[in-house]
Amino acid sequence: MFDICCVGHITLDKVITPVSKVNMPGGTSFYFSNALSNMDVSYSLLTSIAASESYIVDGLNAKGIHTEVFWGKHTVCFENIYSFDQDHRQQRVLEKADPFNMDQLNHVDAKIYHLGPLLADDIPVNMIEHLSQKGIVSLDVQGYLREVKDQQVLAIDWLEKKAALPHVGILKANETEMEVLTGCIDIREGAKALAGMGVKEVVITLGSKGSVIYSEGVFHNIPAYKPTAVVDATGCGDTYMAGYLYKKSKGASCYEAGTFAAAMATLKIGTSGPFSGTSQEVIKLLSANLQ
């Protein structure tokens, strides 16, 4: 029995910013796993990747991350283009991988399942219902809202959301994804609408403006902490959720988990690549911001 299990594809990412061009591994599963690699939590990653990218898995294993791989013909390949403010990006999908299936997860037991679909057909909806009977399902909804046309990533609504969301314990969305799902521009109205669809705990990330968590009828406003430098925002949302679920697995409140998660994301944005710090570094940043 693991505390947390993440399900999602590892990707090959081309990250383009106004000051640099970098090729690196990526995807929710990659950033989420790395962020937990130095945390005191029982964790497992289920991922899919082509054998030609096995070196990425070797790197995760070398960090002590429990990894189970379903080898496929292709690895998902994203191109992420950022503007100066790092809050928004343009994406292209250069290659897709095979979707996950139910048989791949039947043997896995965890208290929290974090699902990180990158594209709409990555994880079948019936898997959400199945896993919700075994533990808490945490969902980063971004992939279900992505349609690929001529390699361009376009925003779409999630047609199966009414069937799926009642089985989601924790939903993470940014403000654009929230608007697509609910039609609401106001953050609080959008969070309430998602709760009305059955989600137990709604996490709305707002980039440099912080985040909002809505649970059991209560709003928790989480501040964004000022980074020492803004280098690369890729994976910040995944790092946030790693911190959030790590603290929730320890019994933390929504606010405590949210502030810890925000501090982790702040540390991550100051570097290129995944977060590789410790809980002590996160606590140090939190303490400095309380002074």
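This section describes the overall dimensions of a protein model and the packing of three pairs of its helices.

The model is predicted, and in it the protein comprises nine helices and 15 strands. The C-alpha trace spans about 50 × 40 × 40 Å along the principal axes of the protein. For a chain of 291 residues, a compact globule would be expected to have a radius of gyration near 19 Å, and the value of 17 Å computed for the protein agrees with this expectation. Of the 291 residues, 54% are buried. When contacts between residues with a separation of 6 or more are considered, 62% of them join residues that lie 24 or more positions apart in the protein.

The first helix pair to be described consists of α1, which covers residues 28-36, and α7, which covers residues 236-249; their axes lie 8 Å apart and form an angle of about 50 degrees. Because an angle between 35 and 65 degrees counts as neither roughly parallel nor roughly perpendicular, α1 and α7 are oblique to each other. The crossing of α1 past α7 is right-handed. On the α1 side, the contact involves Thr28, Tyr31, Phe32, Ala35 and Leu36, and these meet Asp238, Thr239, Met241, Ala242, Leu245 and Tyr246 of α7. Sorted by class, the residues in this contact of α1 with α7 are eight nonpolar, two polar and one charged.

A second pair is formed by α5 (residues 175-182) and α6 (residues 187-196), whose axes come within 10 Å and cross at roughly 55 degrees. This angle makes α5 oblique to α6, and α5 passes α6 in a left-handed crossing. Glu175, Met178, Leu181 and Thr182 are the residues of α5 that meet α6, where their partners are Ile187, Gly190, Ala191, Ala193 and Leu194. The contact of α5 with α6 contains six nonpolar residues, together with two polar and one charged.

The remaining pair described here brings together α8, spanning residues 254-269, and α9, spanning residues 279-290, with axes that come within 9 Å and cross at roughly 100 degrees. Since angles of 65 to 115 degrees count as roughly perpendicular, α8 and α9 are assigned to that class. From α8, the contact draws on Thr259, Phe260, Ala263, Met264, Thr266 and Leu267, while α9 contributes Ser279, Glu281, Val282, Ile283, Leu285 and Leu286. In the contact of α8 with α9, eight of the residues are nonpolar, three are polar and one is charged.

Technical notes:
Residues numbered from 1 in each chain as written. Predicted model: local features only at pLDDT ≥ 70, side-chain atom pairs only at ≥ 80, totals over all residues. Heavy atoms only, no water. Axes fitted to C-alpha atoms, helices over the stretch in contact; angles between N-to-C directions. Helix = DSSP H or I, 4+ residues; strand = E, 2+ residues; numbered from the N terminus. Parallel < 35°, antiparallel > 145°, perpendicular 65-115°, else oblique. Left-handed = near helix turned anticlockwise from the far one by under 90°. Contact = heavy atoms within 4.5 Å. Nonpolar A, V, L, I, M, F, W, Y, C, P; charged D, E, K, R; others polar. Rg over C-alpha atoms; globule rule 2.2 N^0.38 Å. Buried < 20%, exposed > 50% of the residue type's maximum accessible area, 1.4 Å probe, protein only.
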